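Hi,

Here is the structure I promised to pass on. Have a look at it first, and then read on for what I found.

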Amino acid sequence: MVLEFDPAFIQAPEHRPKPAVAEAGSIPLIDLSPLHLLEQHGGPLVAELEVLVAQVEAACRDWGFFQVINHGVPPAVVERAWAASRGFFALPPEERRRVRRDEVNPLGYYEAENTKNVRDWKEVFDFVVHEPAVIPSPGDAGGGVDRLIELRNQWPQFPHGFREALVEYAQATEELAFKLLELISLTLSLPPKRLHVFFKDQTSFIRLNHYPPCSSPHLALGVGRHKDAGALTILAQDDVGGLDVRRRSDGEWVRVKPIPNSFIINVGDIAQVWSNDKYESAEHRVSVNSERERFSIPFFFNPAHYVMVKPLADLVDEKNPAKYEEYNWGEFFKTRKNSNFKKLDVENIQIYHFKKAK
């Protein structure tokens, strides 16, 4: 796909990428093999597990981002997903548009997404991990919890094996998502499966991202600065690189260096609220370049539409009161999706809108 540069892509001067962005050598790299040893042997392996939990806790607290290796997702499964993604975006535009999303069904192909009301230099394909996924009707202006729709995936006819490869990938990364969720529970001194109940009827989805070469990479972004709305994200990125994370210590943007056979993990807004601000959802963006196309595959791990998100009761008391009012995930998700689909006159919804006054 060749995107024609348009003023809609131009970022405000203060948000444009700098010519040089430091690589984030200090983004934590965590070896998850102790988790697999625990599964294989059924033994306590307390020392190894304690080290792993401490590493995840520090990464969530200090960065909100980390990379994982020895994660248990077979390389062949990941390679088949990459091949499916590249094959789909190599199709003629008219073929891709056969499965184009609309305001009723936000699944499928789309090439005009906005982040914070500025168009992103990318094209995407979205599918839910479990179908049907139930969410409030996007067309409902308010009180939409009672008006529900079932989302079903739009699978293209080509390339051959596309659906099978991505369903296989979804199953493997979902297993990893639950393991990471258990680790995060342990970092909060909670039972490992404490958070599983929220994902009984999950609304998780996977996105295939394609970032074509950009003639004006100094003016546009593949994805503008944002924070992920869900619980956590598992990202596969190719060797081109382009993911930038805002460093907490000084507010500078740093590039996350691609590491073969790894995933990048970030905690989302829901994890921030659940933890009552122990963890913070990190702001990030995607820079583009003028020479090479880039591909990535994020898995957005999201709870059921009916889940009311609030600080976990286990973590609040008189000395540490809840910092957020509760909100409904389905309504939050619907509002965010609507703002991504079309340019709005107001900022899209953020968790700080639910922050309690001190």
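Something to try while you have it open: which residue stands opposite isoleucine 234 in β15? Isoleucine 265 does. Do keep in mind that this is a predicted model.

Some general bearings before the details. The protein chain has seven helices and 19 strands, and 55% of its 358 residues count as buried. If you take the contacts between residues at least 6 apart in sequence, 78% of them join residues at least 24 apart.

The part I spent my time on is an open sheet of eight strands. Going across, the order is β2-β3-β15-β12-β17-β10-β7-β4, and the pairing is mixed. β2 (29–31) and β4 (108–110) each have a single partner strand, so they stand at the edges with one side lacking a neighbour in the sheet. On average, neighbouring strands here are turned by 25° against each other, direction ignored.

Within that sheet, β17 (residues 294–301) is a good place to zoom in. Eight of its eight residues are buried. Arg294, Ser296, Pro298 and Phe300 point one way, while Phe295, Ile297, Phe299 and Phe301 point the other way. Note that the arginine is on the buried list along with the rest.

β17 has a strand on each side in the sheet order:

- β10 (residues 205–211) runs antiparallel to β17 and is joined to it by five bridges; tyrosine 211 stands opposite arginine 294 there.
- β12 (residues 232–237) is also antiparallel to β17, with six bridges between them; threonine 233 has phenylalanine 300 as its bridge partner in β17.

Moving on from β12, the next strand over is β15 (residues 263–267). Those two run antiparallel with four bridges, and that is where the isoleucine pair from my opening question sits.

Now for the helices lying across the sheet. α5 (residues 162–187) lies across β3, β7 (123–128), β10, β12, β15 and β17, and runs at about 130° to β12. α2 (residues 46–62) lies across β2, β3 (65–69) and β15, at about 155° to β2.

α2 and α5 also pack against each other, with axes 9 Å apart and an angle of about 85°. Angles from 65 to 115 degrees count as roughly perpendicular, so α2 and α5 are described that way. On the α2 side the contact is made by Leu52, Val53, Val56, Glu57 and Cys60, and on the α5 side by Leu183, Ile184, Leu186 and Thr187. By class, that contact of α2 with α5 comes to seven nonpolar residues, one polar and one charged.

What about α3 (residues 75–89), and at what angle does it pack with α5? The angle is about 135°, with the axes 9 Å apart, and α3 and α5 are therefore oblique to each other. Their crossing is left-handed. In α3, Val77, Val78, Arg80, Ala81, Ala84 and Phe88 take part, and they meet Phe162, Ala165, Leu166, Glu168, Tyr169 and Ala172 in α5. The contact of α3 with α5 has 10 nonpolar residues, two charged and no polar ones.

That's the tour. Over to you!

Cheers

Methods
Residues numbered from 1 in each chain as written. Predicted model: local features only at pLDDT ≥ 70, side-chain atom pairs only at ≥ 80, totals over all residues. Heavy atoms only, no water. Buried < 20%, exposed > 50% of the residue type's maximum accessible area, 1.4 Å probe, protein only. Pairing = 2+ DSSP bridges. Axes fitted to C-alpha atoms, helices over the stretch in contact; angles between N-to-C directions. Contact = heavy atoms within 4.5 Å. Parallel < 35°, antiparallel > 145°, perpendicular 65-115°, else oblique. Left-handed = near helix turned anticlockwise from the far one by under 90°. Nonpolar A, V, L, I, M, F, W, Y, C, P; charged D, E, K, R; others polar.
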